[in-house]
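Student: I am new to this structure and would be grateful for a close look at a single part of it. Please describe the sheet and its surroundings in one connected account.

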Amino acid sequence: MKISVDRLFHPDIEAIEIEQTLRFREELGQRYPNGVRLNGRITHISHGVHVHGSIEGSERETCVRCLEPFWRDTNILVEETYSEDVKPQDELFSDVAPLTDRSIDLSALVAQLLEVEEPLAPVCRESCAGLCPRCGVNRNEIACGCAQDALDERLAGLAVLRDELSRDEELHRR
Ligand SMILES: [Zn+2]
Ligand SMILES: [Zn+2]
């Protein structure tokens with residue numbers, strides 16, 4: 001969604017209020033099937049504009065531990081500055097985005113912020129017990145009894161080391 005900010009360059013306009021639900025296609029659309037809400041205001045600064053606001057939405061996620069789908073609440077602060085002094089080709093080297101044709105692409109801004117905020121390893125809740133590495137049950141729902149074995153597996157490496165050390169000791173004693 002592109003929005004013209006040209007009227008902010010006239011002295012009698014103070015701000016443009018934004019209250020928009022943005023919907024996306026493809027991957028972002030699947031992650032946010034209900035879209036996201038952008039609330040904020042755009043104000044004029046010297047040679048540009050500033051966007052201050054927030055993005056709220058519910059993201060469809062899959063827990064990396066139990067592999068169950070869940071909804072993750074997204075809440076992102078938006079602080080973005082656009083300047084006519086920044087050339088589009090210099091965008092990568094600047095904290096300030098270029099302002100071209102006195103319009104800004106709110107969809108592109110929101111998509112970029114959602115991308116940055118995406119967790120690498122989403123979990124349905126911090127206490128999620130995940131799947132049993134032995135029998136594969138969801139340990140949030142079923143206590144399968146393999147839990148001790150799973151712990152042993154992790155300690156197995158240490159046990160091997162311990163055995164090797166004691167064998168060395170025996171060799172030295174002989
Ligand atoms: Zn989970
Ligand atoms: Zn199990």
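Tutor: The account below begins with the whole chain and then turns to the sheet. The model is a predicted one. The protein contains three helices and seven strands, and along the sequence these follow the pattern β-β-α-β-β-β-β-β-α-α. Of its 174 residues, 15% are buried.

The part to examine is an open sheet of five strands, whose order is β2-β3-β4-β5-β6 and whose pairing is mixed. Strands β2 (15-22) and β6 occupy the edges; each has a single partner strand, so one side of each lacks a neighbour in the sheet. In general, the strands of a sheet pair through backbone hydrogen bonds, in either a parallel or an antiparallel manner.

Both arrangements can be followed from β5. Strand β4 (residues 48-62) runs antiparallel to β5 (residues 69-83), and 15 bridges join the two. Within this pairing, valine 49 stands opposite tyrosine 82 of β5, and glycine 53 stands opposite valine 78 of β5. The two strands form a hairpin with six residues between them, and leucine 67, in the turn, has a positive phi of about 65°.

Strand β5 also pairs with β6 (residues 97-98); here the strands run parallel, and two bridges join them. Tyrosine 82 appears again in this pairing, with alanine 97 as its bridge partner in β6. Tyrosine 82 thus stands opposite valine 49 and is also bridged to alanine 97.

Finally, a helix accompanies the sheet. Helix α2 (residues 106-117) lies across β2, β3 (36-45), β4 and β5, and runs at about 125° to β5.

Technical notes
Residues numbered from 1 in each chain as written. Chains lettered and ligands numbered in written order. Predicted model: local features only at pLDDT ≥ 70, side-chain atom pairs only at ≥ 80, totals over all residues. Helix = DSSP H or I, 4+ residues; strand = E, 2+ residues; numbered from the N terminus. Buried ≥ 20, exposed ≤ 12 C-beta atoms within 10 Å, placed from the backbone. Pairing = 2+ DSSP bridges. Contact = placed C-beta atoms within 7 Å. Axes fitted to C-alpha atoms, helices over the stretch in contact; angles between N-to-C directions.
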